[in-house]
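Ready for a walk around a protein? Open your viewer, turn on the cartoon view, and keep the selection box handy.

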Amino acid sequence: MSGLTGKTALVTGASRGIGRSIAERLAAEGALVAVHYGSNEGAAKDVVNAIHTAGGRAFPVRAELGVDGDVDTLFTGLEEGLAGRPLDILVNNAGFIDYDATVDSVTHQQFERLFAVNVRAPLFITQRALTLMPDGGRIINISSGVTWFAIPEIVYAMTKGAINVFSRSLAHTQGVRGITVNTVSPGVTETDMNGWLSDRDAAKAIGDLTALGRPAKPADIGDAVAFFASEDARWISGQTLEVNGGLFLG
Ligand code: NDP
């Protein structure tokens, strides 16, 4: 497929998990992909090498998010790799969960860190990206099903609720430029974030709650993101797509 030939994309948190899958799929469609990562340089290089081996184009960009200067660091590396090209597609995917940040025990520091990485960074990355993005660009934000089902990690869920609100209002303001903004909301996906899924009983329990009978693979999410990045999704904006295999349908 080559629907994104000539386009460029930034995928944050693309060194592992869902972000890796998004980066590989966008590159397979022909986009030049900036593979952003925080600290795991080896993993990011693996992704770039895999894309090159498959005949695609990609470059790594390092920037720890949630710290002072994070967006400047990211865009210095991004603009160097783009070498004067515009940025057509932004995927705000990087994020983390803090399993200790429950309502009973969360500290101010944990709260600030979760919001800095999961909410503040996507906002200011988007602000900068919009200066590089031509009319007709695409923004896809990665949220979570925890915006509509309850989990103990309440602050993480709150950050994803903020992403949903961000996406909707952003779609409204950017429509005048023909830029679409949509949200992909994964269910339970087999990534490092969910190490507990390596327990066979836990994976089965999730499968039992899912119409399609298993947790998601990262590619199940990456393919949905690629749709929103495509020309076929040109008339869709401000929407949230639950990509979860039919989780909690009854
Ligand atoms: P992983 O833990 O597998 O990968 C996280 C990625 O984000 C890595 O590339 C990591 O970089 C990067 N990252 C994390 N924190 C930072 C930071 N502070 N600065 C820079 N980069 C950072 O996560 P998933 O693939 O599971 O999750 C991807 C997105 O999907 C997240 O937004 C998550 O909330 C969301 N999501 C995940 C679900 C799941 O079940 N897995 C379900 C619903 C939503 P590095 O490799 O350098 O550490």
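## A guided tour, stop by stop

Begin by selecting Asp135 and Arg177: these two residues form a salt bridge, and their closest N and O atoms are 3.1 Å apart. Asp135 sits in the loop between α4 and β5, while Arg177 sits in the loop between α5 and β6, so the pair ties together parts that are 42 residues apart in sequence. Color the two by accessibility if you can: Asp135 is exposed, with a relative accessible area of 57%, whereas Arg177 is partly exposed at 24%. Keep in mind as you go that this is a predicted model.

**Stop two: another pair of charges**

Side chains of opposite charge can pair when their charged atoms come close. How many salt bridges does a search of the whole structure find? The count is 12.

Select Lys217 and Glu190 for another of them, with 3.0 Å between the closest N and O atoms. Lys217 is in the loop between α6 and α7 and Glu190 is in the loop between β6 and α6, so this salt bridge links parts that are 27 residues apart in sequence. Lys217 is partly exposed, with a relative accessible area of 40%, and Glu190 is partly exposed at 34%. Now add Arg25, Glu29 and Asp223 to your selection: salt bridges that share partners join these three into one network.

**Stop three: two helices side by side**

Next, show residues 70-82, which are helix α3, and residues 108-132, which are helix α4. The two helices pack at an angle of about 35°, and their axes are 10 Å apart. Turn the view until one helix lies in front of the other, and you will be looking at a right-handed crossing.

Which residues meet here? From α3 come Asp70, Val71, Asp72, Leu74, Phe75, Leu78, Glu79 and Leu82, and from α4 come Ala121, Phe124, Ile125, Arg128, Ala129 and Leu132. Sorted by class, this contact has 10 nonpolar residues, four charged ones and no polar ones.

Zoom in on Asp72 and Arg128, which form a salt bridge with their closest N and O atoms 2.8 Å apart. Asp72 belongs to α3 and Arg128 to α4, so the pair ties together parts that are 56 residues apart in sequence. Asp72 is partly exposed, with a relative accessible area of 46%, and Arg128 is partly exposed at 27%.

**Stop four: helices α1 and α7**

Select residues 17-28 to see helix α1. Its 12 residues reach 17 Å from the first C-alpha to the last, close to the 16 Å expected at 1.5 Å a residue. Highlight Ile18, Gly19, Ser21, Ile22, Ala23, Leu26 and Ala27, the buried residues of α1. The helix is followed by Gly30, which has a positive phi near 110°.

Then move to α7, residues 218-229. Helix α7 has 12 residues and also reaches 17 Å, close to the expected 16 Å. Its buried residues are Pro218, Ile221, Gly222, Ala224, Val225, Ala226, Phe228 and Ala229. What covers the buried residues of α7? The cover includes α1, β4, β5, β6 and β7.

**Stop five: Asn164**

Click on Asn164 in helix α5. Is Asn164 buried or exposed? With 19% relative accessibility, Asn164 counts as buried, because the cut-off for buried is under 20%. Leaving out residues up to four places away in sequence, Asn164 touches Ser143, Thr147 and Thr183.

**Stop six: Trp148 and two positive phi values**

Find Trp148 in the loop between β5 and α5. Trp148 is partly exposed, with a relative accessible area of 41%. Not counting residues up to four places away in sequence, Trp148 touches Glu242, Asn244, Leu247 and Phe248.

Stay with Phe248, found in the segment after β7. Most residues other than glycine have a negative phi. Phe248, however, has a positive phi, near 55°. Phe248 is partly exposed, at 39% relative accessible area.

Finish at Ala83, in the loop between α3 and β4. The phi of Ala83 is also positive, near 50°, and Ala83 counts as exposed at 59% relative accessibility.

Conventions
Residues are numbered from 1 along each chain as its sequence is written. This is a predicted model: local features need pLDDT of at least 70, side-chain atom pairs count only at pLDDT 80 or more; totals for chains, interfaces and linings use all residues. Side-chain values use heavy atoms; hydrogens and water are left out. Helices (H or I, at least four residues) and strands (E, at least two) are DSSP runs, numbered from the N terminus. The expected span of a helix is 1.5 Å times one less than its number of residues. Buried means under 20% relative accessible area, exposed over 50%, partly exposed in between (1.4 Å probe, protein chains only). Axes are lines fitted to C-alpha atoms, for helices over the stretch in contact, and angles run from 0 to 180 degrees between N-to-C directions. A crossing is left-handed if the near helix is turned anticlockwise from the far one by less than a right angle, and right-handed if clockwise. Contact means heavy atoms within 4.5 Å. Ala, Val, Leu, Ile, Met, Phe, Trp, Tyr, Cys and Pro count as nonpolar, Asp, Glu, Lys and Arg as charged, and the others, Gly among them, as polar. A salt bridge is a side-chain nitrogen of Lys or Arg within 4 Å of a carboxyl oxygen of Asp or Glu.
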